[in-house]
Structures are given as C-alpha cells and as structure tokens.
Amino acid sequence: MFYGTMKVAIGGPLKLAFRPWVEGMENIPAEGPAILASNHLSFSDSFFLPSVLHRKVTFIAKAEYFTTPGVKGRLTAAFFKGVGQLPVDRSGSRGAGEAAVKSGIEVLERGELFGIYPEGTRSPDGRLYRGKPGGLARVALATGAPVIPVAMIDTEKIQPPGKVLPKLMRPGIRIGKPLDFSRYRGLAHDRFVLRAVTDEVMYEIMNLSGQEYVDIYATAAKRQIAEAAKAGKEAGKAAGKAADEARKAAKASPGPAGTEEAEKEKQAE
C-alpha cells in the first residue's frame with residue numbers, strides 16, 4: 001500500500017514533468033516472477049522505470065540508506081522503502097554480492113519483479129560496461145525466472161554532474177523480450193556459465209540502448225578516470241611550480257633577459 005502511495009506521489013509528477021517514452025511494455029509479464037536487468041546511467045533510473053510499470057519492481061540499495069540516525073535518516077529510510085528498495089548489508093566476507101543474491105531470490109519467490117543493474121554501478125561516461133556475473137546470473141539460475149533486458153535512454157542527460165536543477169527532457173525506456181536460461185539450471189556454481197549468462201544479457205542491453213560497449217568493469221573505469229584526474233591535477237601543480245621557479249630564476253639573473261623579465265613584472269605590479 002505504501003508503495004502505491006509513493007508511486008502516485010513520485011511517479012505521477014515524474015511522468016507528467018518528463019513524459020518518458022516506452023517501447024516493449026508487452027514484454028513485462030502480467031504476473032509471476034521476472035528479473036529486470038537494466039543498464040545504469042543515472043540515480044533516477046530506479047524511479048523512471050517503476051513509474052511506467054503497472055507492477056511493483058524491487059531494487060536493492062545499500063543498507064546505509066536505511067540505518068542513518070536522526071530525522072533525516074528516518075525520512076530517507078521511509079522514502080527508499082516506499083519506492084520498493086531493499087537494504088543490502090555490505091559487511092561480511094562476500095559483501096553485497098551474497099546479500100543481493102539472497103534478496104533477489106526472496107523477491108522472485110514471492111512472484112514479484114526484481115530489478116538489478118548488472119554493471120554494479122552507474123556508468124561514468126554513458127557507455128555500457130561489462131556485467132558482473134555474480135548477482136544477476138546466480139539469481140536467474142537459482143529461481144528459473146526469465147531475465148528481461150531493459151535499456152534506459154538519456155537519463156544521464158537530465159541532471160549531469162555539477163548541475164543542481166534537472167533538465168526537462170524526455171528520457172526513454174526500451175524493454176526487450178524475456179531471456180530463458182533454464183538450460184543452465186543447476187550450474188550456478190560454474191563460473192563459465194555465469195559469465196555466459198551475463199554476457200548474453202549485456203549483449204541484448206547493448207542492442208536495445210545503442211551504447212558503445214566497453215569490456216571492463218565500470219568500477220575499474222571509474223578508478224582509471226579518478227587516477228587520470230589526479231595525475232592531471234598533479235601535473236598542473238608541477239607545471240605551475242616550474243613556472244614560478246623559472247620566474248624567480250629570471251628575476252635573479254644579472255643578464256639582460258633577467259633584467260627584462262624583472263622590469264616586466266615590476267610594470268605589471
């Protein structure tokens with residue numbers, strides 16, 4: 001009941017303001033369990049997709065959203081519960097992977113829709129990254145539920161990093177045909193099977209989204225981007241320091257060049 005209330009309160013205005021377009025709605029089963037495997041471009045993906053579906057879809061979210069103390073923490077927890085998010089405890093030897101699998105199986109055993117992002121995190125640059133084989137494939141093989149590939153289109157353009165106000169534009173959602181992996185039932189501990197299942201799903205998402213595919217994990221790409229930014233910043237500092245030292249050396253030089261440089265800086269002051 002709370003989910004329905006939150007869907008009307010959030011989903012209604014969201015659909016009215018952004019008018020998302022949808023293709024392939026007929027591929028969502030009217031009843032029974034199914035896994036919605038989507039690319040992940042924006043924080044808003046978990047709101048746009050449920051807003052256009054007639055059935056409840058449950059995603060997973062980090063447990064910190066549900067355990068933060070204080071009034072703000074309680075409001076945040078209520079909000080995430082209301083929009084169908086499940087807390088995942090990332091502690092323990094296997095972390096979020098085991099928790100995600102357990103949560104997904106429980107949702108599907110109730111005959112509901114379970115939403116998951118195979119990339120494991122948001123794309124840092126709008127490209128599609130390699131899917132992680134643990135969660136999606138294991139849940140699919142453990143339950144026998146069909147996997148429905150989903151492509152979110154342009155959601156990352158609504159509120160790019162650094163922008164406070166969202167841009168009013170129409171994002172899109174493409175829903176593919178269900179994929180049946182029953183032929184692999186009982187092979188959930190075979191890492192080659194897990195990789196094959198995940199790659200097949202990612203291939204379908206790529207076809208639906210039109211994204212460029214990158215065969216590395218998004219987490220590794222984010223790390224590379226952060227390291228490149230850090231290196232660029234350090235190089236900038238080094239260049240600035242070198243320029244300062246060059247100016248000091250020029251001012252201290254008794255030759256004509258040093259005199260000319262010192263005179264220019266004096267005039268500039």
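## Strand β2, inside and out

Start with β2 in this predicted model: A34, L36 and S38 point one way from the strand, I35 and A37 point the other way, and all are buried. With 5 of its 5 residues buried, β2 is largely enclosed by the rest of the structure.

What does β2 pair with? One partner is strand β5 (residues 113-116), which pairs with β2 in the parallel sense over 4 bridges. Within that pairing, A34 has L113 of β5 as its bridge partner. Another partner is strand β7 (residues 147-153), parallel to β2 and joined to it by 4 bridges. Here A37 is matched with P149 of β7, and S38 stands opposite V150.

## Strand β7 and its link to β8

β7 gets similar treatment to β2, so to speak: 7 of the 7 residues of β7 are buried, so β7 too is largely enclosed by the rest of the structure. Its side chains split into two sets, with V147, P149, A151 and I153 pointing one way and I148, V150 and M152 the other, all of them buried.

Besides its parallel bridges to β2, β7 pairs with strand β8 (residues 172-175), this time in the antiparallel sense, over 4 bridges. V150 is worth tracing by eye: V150 stands opposite S38 of β2, and its bridge partner in β8 is I175.

## From S44 into α2

Follow the chain on from β2 (34-38) and you come to the loop that leads to α2 (45-52), which is where S44 sits. Is S44 buried or exposed? S44 is buried, because its relative accessible area is 17% and the cut-off for buried is under 20%. The side chain of S44 also makes a polar contact with the side chain of S42, at 2.9 Å.

The helix after this loop, α2, is mostly covered, with 8 of its 8 residues buried. Those residues are D45, S46, F47, F48, L49, P50, S51 and V52.

## A pocket and a cavity

S42, the polar contact partner of S44, turns up again at the second largest pocket. How many residues line that pocket? The lining has 21 residues, and S42, F43, R122, T155 and Q159 are the ones nearest the pocket's centre. The volume comes out at about 530 Å³. Helices α1 (2-18) and α2 each supply at least two residues of the lining, so if you're browsing the model, you can look for both helices there.

There are also 2 cavities of 30 Å³ or more in the structure. The second largest cavity has a volume of about 40 Å³. Its lining is made up of A140, L141, G144, A145, D180, F181, S182 and R185.

## The whole chain

Zooming out, the protein chain has 9 helices and 9 strands. Of its 269 residues, 40% are buried. The chain exposes about 15100 Å², and carbon and sulfur atoms supply 57% of that area.

How do the contacts spread along the sequence? Taking contacts between residues at least 6 apart in sequence, 76% join residues at least 24 apart. The bridge between A34 and L113 is a handy pair to pull up on screen, as is the one between A37 and P149.

Methods: Residues are numbered from 1 along each chain as its sequence is written. This is a predicted model: local features need pLDDT of at least 70, side-chain atom pairs count only at pLDDT 80 or more; totals for chains, interfaces and linings use all residues. Side-chain values use heavy atoms; hydrogens and water are left out. Buried means under 20% relative accessible area, exposed over 50%, partly exposed in between (1.4 Å probe, protein chains only). Contact means heavy atoms within 4.5 Å. Accessible areas come from the Shrake-Rupley method with a 1.4 Å probe; for residues, only the protein chains shown count as cover. A polar contact is a pair of N or O atoms within 3.5 Å; within protein, one must be able to donate a hydrogen and the other to accept it, and residues adjacent in sequence count only if both atoms are side-chain atoms. Two strands pair if DSSP finds at least two bridges between them. On a 1 Å grid over the protein atoms alone, a cavity is a set of points where a 1.4 Å probe fits but cannot get out, and a pocket is an open set with protein on both sides within 12 Å along at least five of seven lines; lining residues have an atom within 4 Å of a point. Grid points are joined across faces, edges and corners, and a volume is the space filled by probe spheres set on the points.
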